[in-house]
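Please look over the sequence and the model below before reading on. The report that follows moves from the confidence of the model to its overall build, and then to one residue.

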Amino acid sequence: MSDERHRKDVKPIRPRLAASLILTRRDGDRVDVLMGRRSSKHVFMPNKYVFPGGRVDRADSTAPLARDLDGRVLDLMARTLDPRRARAAATAAIRETAEETGLLIARQAPMRSRHANWSPFRDAGAAPDLGSLKLITRAITPPGRTRRFDTWFFTADASALLDDRAPEPSDELEDVQWVTLAESRDLDLPMVTHFVLDELKRVLPPAPEHPRCMRAVRGKMILEPL
């Protein structure tokens, strides 16, 4: 069997729903973002600097919330996602940030779920605050890759954090640190992170533009409005 025939017989990989959160803090015109270096033990993007994030878990669909997504964000996402899945993606971004940096985007509220994913929130007497999130962009891994993700990127200001604790490294992210937007470009970044940083600048005040999606169409990467 030829290589070409073999490739045609390979079942396409469906992108897994994922989410990421870009925490920002401002000091005048200066904007810092929170990033960390992926462990060298990772098969996927080892030693690359990224934002906290990961795949959506089943428990993300049932977590109690302190606040729902802003209606404008939910409307945008609901054009391509069921509203429950949209909320799950936003919740996953907050959960992954807690797991990878120890920081909670949350408000004081009952955390009735006993799932292990929400133990940091339970311990703090708080629940995820989706209302603090803004949508930056969406990026879908092109076909042909061994791992494909349909990733929604959100941002939140540091004022949305439950407390002022310092970020901590984890098994997932090492060297977690605040860096300026300019400094972030000097880090070892994957291509998609460069793209997200560009899109972050587009949607930040004072003149935010409409979020866009990056995906492959007939073998070419395109940008289109969400």
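Over which residues does the pLDDT stay under 50? This is a predicted model, and residues 1-7 are the stretch where pLDDT stays under 50, with 2 contacts in the model beyond four places in sequence. For the protein as a whole, the average pLDDT is 91, and 93% of the residues score at least 70.

The protein contains 6 helices and 11 strands. Its radius of gyration is 18 Å, close to the 17 Å that the globule rule gives for 226 residues, so the protein is as compact as a globular protein of that length. The C-alpha trace spans about 60 × 40 × 35 Å along the principal axes.

Some further values for the protein are gathered here.

| Property | Value |
|---|---|
| Residues that count as buried | 47% of the 226 residues |
| Share of contacts (separation of 6 or more) made by residues 24 or more positions apart | 65% |
| Share of the exposed area, about 12300 Å², supplied by carbon and sulfur atoms | 47% |

As for charge, the protein has 39 positive and 33 negative charges, and the mean positions of these two groups are 7 Å apart.

Pro167 offers a local view, since this residue lies in the loop between β8 (149-157) and β9 (173-180). Leaving aside neighbours within four places in sequence, Pro167 is in contact with Leu34, Thr101, Leu103, Val176 and Trp178. Pro167 and Thr97 are 70 residues apart in sequence, while their C-alpha atoms are 9.7 Å apart in space.

Note on methods. Residues are numbered from 1 along each chain as its sequence is written. This is a predicted model: local features need pLDDT of at least 70, side-chain atom pairs count only at pLDDT 80 or more; totals for chains, interfaces and linings use all residues. Side-chain values use heavy atoms; hydrogens and water are left out. Helices (H or I, at least four residues) and strands (E, at least two) are DSSP runs, numbered from the N terminus. The radius of gyration is taken over C-alpha atoms; the globule rule is 2.2 Å times the number of residues to the power 0.38. Buried means under 20% relative accessible area, exposed over 50%, partly exposed in between (1.4 Å probe, protein chains only). Contact means heavy atoms within 4.5 Å. Accessible areas come from the Shrake-Rupley method with a 1.4 Å probe; for residues, only the protein chains shown count as cover. Lys and Arg count as positive and Asp and Glu as negative; His and the chain ends are not counted. The place of a charge is taken as NZ of Lys, CZ of Arg, CG of Asp or CD of Glu. pLDDT is the predictor's confidence in each residue, from 0 to 100.
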